[in-house]
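Hi everyone, thanks for coming. Please take a look at the screen, and we'll walk through this one together.

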Amino acid sequence: CNAMQRQVSRLRGLPVLVVGSGIGGLTAALALHRAGVPVQVCERKQQPMGRRTAVCLWESATTVFDRLGVGESVRLLGVPITRAEVYTSHGAPVGALDFHNASRGEVAEVLCVPRRNLLFLISSHLPASTLVYDANMTHYVERDESVTVYFTNRPPMECAAVVGADGLY
């Protein structure tokens, strides 16, 4: 417990830097923010991701969003699915997924959520200054009490820790 208290007091003041503004990065940033830890998110792209795709969120993901206080909003964005059919690119059936939990007699909670809307929702619960776009990180140097992060197009940043969340799928 004392070691954890020392770690938390070391974090006070310096932000944790999350590298990547996808679902994983923004969710990590929201969890840190909710825990009272200063957080900064850097993204190498010049604007938020605009893919026109959807993601399926299983019950474990919605449980995380519940704990972060945005679960109901996520459910409003999504469409519940109870069955999914998978086909090849030529239209031949590969198989089907049934989300019915036979052991409990329930349908598992699986939501299909537009990715863009989910990113907007999560980021809307962070302070506006949290996200920095067009920040291309090149490397970092660990020190005893901090980490210095270097970018191609921005001044170096001193932070308490770095969370790599670029390219989570």
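Let's start in the middle: which residues have the most contacts inside the largest nonpolar core? They are Leu26, Leu57, Phe65, Val74, Leu118 and Ile122, and the core they belong to has 22 residues. Before we go on, please keep in mind that this is a predicted model.

Where does that core come from? At least two of its residues are supplied by each of helix 2, strand 2, strand 3, strand 9 (111-114) and helix 5. There is also a second, separate core, with 9 residues, and Leu17, Val19, Val147 and Val149 are among them. If you are new to this, here is the general background: in soluble globular proteins, nonpolar side chains tend to be buried together.

Let's pick one residue from the big core and see who is around it. Leaving out residues up to four places away in sequence, Val74 touches Leu57, Phe65, Leu111, Val113, Leu118 and Leu121.

Now zoom out for a moment. The chain has 5 helices and 14 strands. Of its 169 residues, 32% are buried. And if you take the contacts with a separation of 6 or more, 61% of them join residues 24 or more positions apart.

Next, helix 2. This helix covers residues 23-34, which is 12 residues, and from its first C-alpha to its last it reaches 16 Å, close to the 16 Å expected at 1.5 Å a residue. Which of its residues are buried? Ile23, Gly25, Leu26, Thr27, Ala29 and Leu30 are. A handy rule here is that an α-helix has 3.6 residues a turn, so residues three or four places apart point the same way. The cover over the buried residues of helix 2 includes strand 1 (16-19), strand 2, strand 3 (54-57), helix 3 (59-67), helix 5 (115-124) and strand 10 (131-132). Just after the helix comes Gly36, with a positive phi of about 85 degrees.

Strand 2 was in that list, so let's visit it. Strand 2 spans residues 39-42, and Gln40 lies in it. Is Gln40 buried or exposed? Gln40 counts as buried, because its relative accessible area is 18% and the cut-off is under 20%. A polar atom of the Gln40 side chain lies 2.8 Å from the backbone oxygen of Thr130. Setting aside residues up to four places away in sequence, Gln40 touches several others, including Pro15, Leu17, Ser129, Thr130 and Met157.

On to the sheets. One open sheet has 3 strands in the order 3-9-4, with antiparallel pairing. Strand 3 and strand 4 (79-80) are its edge strands, each pairing on one side only. Strand 3 and strand 9 run antiparallel and are joined by 4 bridges; for example, Ala54 has Pro114 in strand 9 as its bridge partner. Helix 5 packs on this sheet, touching strand 3 and strand 9, and its direction makes about 80 degrees with that of strand 9.

Another open sheet of 3 strands follows the order 11-12-13, again with antiparallel pairing. Why do strand 11 (137-142) and strand 13 (157-159) each have one side without a neighbour in the sheet? They stand at the edges, each with a single partner strand, so nothing in the sheet sits on the other side. On average, neighbouring strands here are turned by 25 degrees against each other, direction ignored. Strand 11 pairs with strand 12 (residues 147-151) over 5 bridges, and Met137 stands opposite Phe151 in strand 12.

That's my tour, thanks for listening!

Technical notes. Residues numbered from 1 in each chain as written. Predicted model: local features only at pLDDT ≥ 70, side-chain atom pairs only at ≥ 80, totals over all residues. Heavy atoms only, no water. Buried < 20%, exposed > 50% of the residue type's maximum accessible area, 1.4 Å probe, protein only. Polar contact = N/O pair within 3.5 Å; in protein donor to acceptor, adjacent residues only side chain to side chain. Contact = heavy atoms within 4.5 Å. Pairing = 2+ DSSP bridges. Axes fitted to C-alpha atoms, helices over the stretch in contact; angles between N-to-C directions. Expected span 1.5 Å × (residues − 1). Core = buried A, V, L, I, M, F, W, Y, C linked by side-chain atoms within 4.5 Å.
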